Amino acid sequence: MTSAVPSDDLFIYYLAGRVADPAPLHGPGFLGNWEEDGFSFLFFSAPSDDRVTAVVRAQPDLSLIDRYIMRYDEWQGDGVVAFGVGELFVAPPWSDAATPPGSRRISLDPGVVFGAGTHPTTRECLAAIQDVRAVDGRIGRVLDLGTGTGVLALAAAALGCGPVLAVDLNGLAVETARRNIRANGMGARVLAVQGRAETLVAAEADLLVANLHHEVMMAVIAAAGFRRVRWFVLSGLLRSQAREVAESLARLSVRLVDQRTEDGVWFTLIAQGPASAASAGASRQRRWVAGF
Ligand code: SAH
């Protein structure tokens with residue numbers, strides 16, 4: 001993978017099956033393999049029919065379904081650009097945008113993975129993490145479920161939290177997050193692992209951040225250990241899904257503190273676990289409400 005401006009086209013090969021031996025794919029222009037539900041998306045920066053054909057021939061249960069050419073910026077939504085949220089400034093490594101005074105810069109190369117900051121849910125999470133941190137300065141351990149590029153985990157670390165455990169089911173996401181963790185010199189504070197959010201929610205955390213699909217979110221909420229967490233930032237939810245999540249939280253005595261939406265489509269919930277709510281004094285509660 002490269003840190004050069006990926007301004008060129010992406011060549012995407014969509015395969016049924018999982019590539020057992022990816023070694024022949026590696027070489028110039030190979031950007032990564034995104035596997036999902038028994039399908040594989042192979043990303044290259046140049047046409048790579050020969051390499052893909054070789055892999056398909058070698059593995060009888062693999063088949064090429066389709067090929068796409070797409071501009072990198074198109075793949076990443078509005079393009080990968082530097083942006084600021086509160087005191088955080090997130091910029092791709094090829095950006096020469098200056099860090100605003102007083103901001104903390106996070107260098108983020110999203111590659112072909114979700115979490116470039118172009119989606120409103122990512123930005124809402126970045127703001128929410130800062131708000132929670134402003135209210136509760138004692139947040140140490142952070143769990144980022146569905147880390148993608150690692151952006152939220154790095155944000156938490158940049159704000160002084162740690163240790164941070166960044167989890168993603170997808171191997172390419174974990175690889176991308178690890179590269180970003182290294183690039184930011186955060187290896188001692190942020191650990192990226194491949195695993196299921198539903199399982200790793202059992203890890204101890206003061207703050208749980210999850211920008212996930214609704215079904216996965218519901219499984220995370222139902223998992224043992226969920227309600228031990230002090231603070232939650234939950235995103236990736238459409239309006240009706242957010243309502244369903246809020247109802248589940250109420251059943252667990254997890255207090256909904258705030259619900260936000262930038263575009264009226266995607267919702268982000270901030271909530272406080274029962275342990276935290278019980279120990280927080282009335283003045284802290286007032287401060288929180290006044291903060292919004
Ligand atoms: N946290 C980033 C990326 C969110 S995209 C951001 O806020 O921008 C959601 C991520 O969740 C994807 O990278 C996807 O691979 C991952 N994911 C989906 N299901 C998962 C599961 N069951 N366990 C862990 N990660 C999962």
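pLDDT is the predictor's confidence in each residue, on a scale from 0 to 100. That matters here, since this is a predicted model: local features need pLDDT of at least 70, side-chain atom pairs count only at pLDDT 80 or more, and totals for chains, interfaces and linings use all residues. Residues are numbered from 1 along each chain as its sequence is written, and side-chain values use heavy atoms, with hydrogens and water left out.

**Confidence**

The chain has an average pLDDT of 91, and 92% of its residues score at least 70. The stretch to watch is 285-292, where pLDDT stays under 50. For those residues the model has 16 contacts beyond four places in sequence, a contact being heavy atoms within 4.5 Å. Where pLDDT is low, the predicted coordinates should not be read in detail.

**The chain as a whole**

You'll find 10 helices and 14 strands in the chain. These are DSSP runs numbered from the N terminus, with helices being H or I over at least four residues and strands E over at least two. The C-alpha trace spans about 65 × 45 × 35 Å along its principal axes. A compact globule of 292 residues would have a radius of gyration near 19 Å, and the chain agrees with its 20 Å. That radius is taken over C-alpha atoms, and the globule rule is 2.2 Å times the number of residues to the power 0.38.

Half the story is inside: 50% of the 292 residues count as buried. Buried means under 20% relative accessible area, exposed means over 50%, and partly exposed is in between (1.4 Å probe, protein chains only). The accessible surface comes to about 13,200 Å², 54% of it belonging to carbon and sulfur atoms; areas come from the Shrake-Rupley method with a 1.4 Å probe, and for residues only the protein chains shown count as cover. Of the contacts with a separation of 6 or more, 65% are between residues 24 or more positions apart.

**Three helices**

Start with α7, residues 214-222, whose buried residues are His214, Met217, Val220 and Ile221. They sit on the same side of α7 because they cover an arc of only 115 degrees around the axis, the arc being that of the directions from the helix axis to the C-beta atoms. Glu215 and Ala222 are exposed on the face turned away from that buried side. The cover over the buried residues of α7 includes the strands β8 (142-145), β11 (207-211) and β12 (231-238), along with the helices α6 (197-200) and α8 (239-251).

Helix α5 (residues 171-183) has 13 residues, which should span 18 Å at 1.5 Å a residue, and its end C-alpha atoms are indeed 18 Å apart. The expected span is 1.5 Å times one less than the number of residues. Its buried set includes Leu172, Val174, Arg179, Asn180 and Ile181. The partners that the buried residues of α5 pack against are β2 (30-36), β7 (104-107), α4 (151-158), β9 (164-168) and β10 (190-194).

Helix α3 (residues 120-135) has 16 residues and reaches 23 Å from its first C-alpha to its last, close to the expected 22 Å. Among its buried residues are Pro120, Glu124, Cys125, Leu126, Ile129 and Val135.

**Loops and backbone oddities**

Here are four loop residues with their relative accessible areas.

| Residue | Relative accessible area | Class |
|---|---|---|
| Aspartate 37 | 70% | exposed |
| Serine 253 | 47% | partly exposed |
| Methionine 186 | 16% | buried |
| Threonine 147 | 4% | buried |

Aspartate 37 is in the loop between β2 and β3 (39-44) and has a positive phi, near 50 degrees. Serine 253, in the loop between α8 and β13 (255-260), has a positive phi of about 60 degrees. Most residues other than glycine have a negative phi, and most peptide bonds are trans. On that second count, the bond from glycine 162 to proline 163 is cis, with omega near 0 degrees; proline 163 is in the loop between α4 and β9.

Methionine 186 lies in the loop between α5 and β10. Its C-alpha is 9.9 Å from that of glycine 162, 24 residues away in sequence. Leaving aside neighbours within four places in sequence, methionine 186 is in contact with Leu154, Ala157, Ala158 and Ile181.

Threonine 147 is in the loop between β8 and α4. Not counting residues up to four places away in sequence, threonine 147 touches Ala153, Ala166, Val167, Asp168 and Ala177.
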